[in-house]
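Open the model in your viewer and keep the sequence panel in sight. The tour goes one selection at a time.

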Amino acid sequence: MAYSGIGKSSSIGKHIWIYPVIERALRLSGLKSGDKTVILTDVNRSQSIFDAFYAAAGNICNGVFAVVQRPLSGAHDEKSREPDGVILELLKQCDFIVDLPTTHWCYTRAYNEVLDAGVKVLLSCSDEELLHRLAPDEAVIRRTRKAANLLTQGKMLRITSALGTELTMSVDGRVGNAQCGAIGEGYRWDNFPSGLTEIAPIETSLHGRLVIAPGDLIIELERRIAEPISCTIENGEIVAIEGGVDARNLRAWFDQWDDRAVRTVAHTGFGTDPRATLFSSEAMDWESYDGGINLAFGANCSRFLGGRNMARAHIDIILLNCDFYVDQTRLVRAGKTLLID
Ligand SMILES: [Fe+2]
C-alpha cells in the first residue's frame, strides 16, 4: 500500500504561498491602481490559482471583477472556443484581463477583438509549482528580448540537425515576439510563465525536411517522441509524414481537423529560460526550455505573432539538439543558445 498521495487533495494555503509571485508578475505587467481588471476563468480551473490572482490584483487596483465561464472547447474557428458575447463586450471595455482558462482561446477572432480594443491580456494556464519556479526573472526577460530583436532583424531562418533536419524560411517584415512571463512596456500580451522567443514566418516560405528526433516533444500529443518522424515540407505546408507509431499518431492528429491550414507553418523560435525542465508535463516548461527550438503549425493569426494563417488548430513541436540560424548568424548550436547573454 502506498501512502504518498495522502494530503495532496487538501493543500493548505496554496494561494497564500503563490500570492507574492503573482503580485510581482502583475506589477511587472504594468497593472495600475486605476485599471478596470477582469479575472477571467472557468469552472475547471484550480480555485487556489484563481484566489491568488484575484487577491493579488485586488491589492494593486480597486476595480477587479471575476468572470467564471463554462470551459472553452472546440476548434479555433468555433463559437464554443470563445467567451459568450456578453462577456466579450465586458472584456473589451476593461483595461487589463487576467486570462486563466483550462483551454486557451488566443487564436480566435474574439481574442484579437479584445487586443484591438487596447486591452492588456496576461494569459496563465500553468499550475502553482510552475508559476513559482519560472516566476518572471530579469535575466530571462533580458535574453528573451534580445533574441526577439535578433529574429526581427533577420530575413531568412534556417534550422538543421545531425539527424537530417534542413529547413529554410523567410521572416522578412515579420516581428519577433518575446514571451517573458510579464507584459513589457509597449506590449499588450504575455503568457505567465514563459521564457521563449517566436516569430511567424511568411507562411508559404518554409521548405525542406523536418526530422523530429527521439526525445523531441510534441505538446498537443503530450509526449516525447520515441522514434524518428520525417516530415516533408513544401510551400510552408507539411505534405508527408513518415515513420512508425509516432508518425502515425502525428498524421492522425492532423487528419482529424480536415484543414490544410493546420499543416501550414505557424511560428518558430527557441526557449530562453535555463530554469525550465523537460522532466515535467507542463507545456510552458517544454516551450521555455533553454535552446529548445519551437516549430509550430496551424493558426498564427494572433496579434502577438502577426501571422496570416487562420486555422482550426495549432500544434507545437519542440526540437532538441538542433542548430538555429538567423541569416548567417547561429543563435542555437546543438540545442545550446548563443549570443543572447
Ligand atoms: Fe505555439
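Two strands count as paired if DSSP finds at least two bridges between them. Keep that cut-off in mind; the model is a predicted one.

**Stop 1: a strand pair.** Select β7 and β9. They pair in the antiparallel sense over three bridges. Three bridges meet the cut-off, so the two strands count as a pair. Now pick A178. Across from A178 stands T197 in β9.

**Stop 2: the other side of β9.** Add β15, residues 265-271. β9, residues 196-199, pairs with β15 over four bridges, again in the antiparallel sense. Two positions are worth labelling. T197 stands opposite F270 in β15. I199 faces T268 in β15.

**Stop 3: the whole sheet.** Extend the selection to seven strands. The sheet is open, and its order is β7-β9-β15-β16-β17-β11-β12, with antiparallel pairing. At the edges are β7 (177-179) and β12 (223-224), each pairing on one side only.

**Stop 4: the faces of β9.** Which residues of β9 lie on each side, and are they buried or exposed? L196 and E198 are on one side, T197 and I199 on the other, and all are buried. Both faces of β9 are therefore covered. In a regular strand, side chains alternate between the two faces of the sheet.

**Stop 5: the helix across the strands.** Select α6, residues 138-153. This helix lies across β7, β9 and β15. Relative to β9, α6 runs at about 15°.

**Stop 6: C180.** Move to the loop between β7 and β8 (189-191), where C180 sits. Why does C180 count as buried? Because 31 other C-beta atoms lie within 10 Å of C180, and the cut-off for buried is 20 or more. Show its contacts beyond four places in sequence: C180 touches P136, V140, I141, T144, D190, S194 and G195. Then take a distance from C180 to L196, 16 residues apart along the chain: their C-alpha atoms are separated by 6.8 Å.

**Stop 7: the two domains.** Zoom out and colour by domain. The domain assignment gives domain 1 as 14-125 and domain 2 as 138-337. Their centres, taken over C-alpha atoms, are 25 Å apart. The contact takes 17 residues from domain 1 and 18 from domain 2.

Select the domain 1 side of that contact. α1 (14-28), α4 (109-116) and β4 (120-123) each supply at least two residues. The largest share, four residues, comes from β4. Colour this side by class to finish: 10 residues are nonpolar, five polar and two charged.

How values were computed:
Residues numbered from 1 in each chain as written. Predicted model: local features only at pLDDT ≥ 70, side-chain atom pairs only at ≥ 80, totals over all residues. Contact = placed C-beta atoms within 7 Å. Axes fitted to C-alpha atoms, helices over the stretch in contact; angles between N-to-C directions. Buried ≥ 20, exposed ≤ 12 C-beta atoms within 10 Å, placed from the backbone. Domains from an automatic or database assignment. Nonpolar A, V, L, I, M, F, W, Y, C, P; charged D, E, K, R; others polar.
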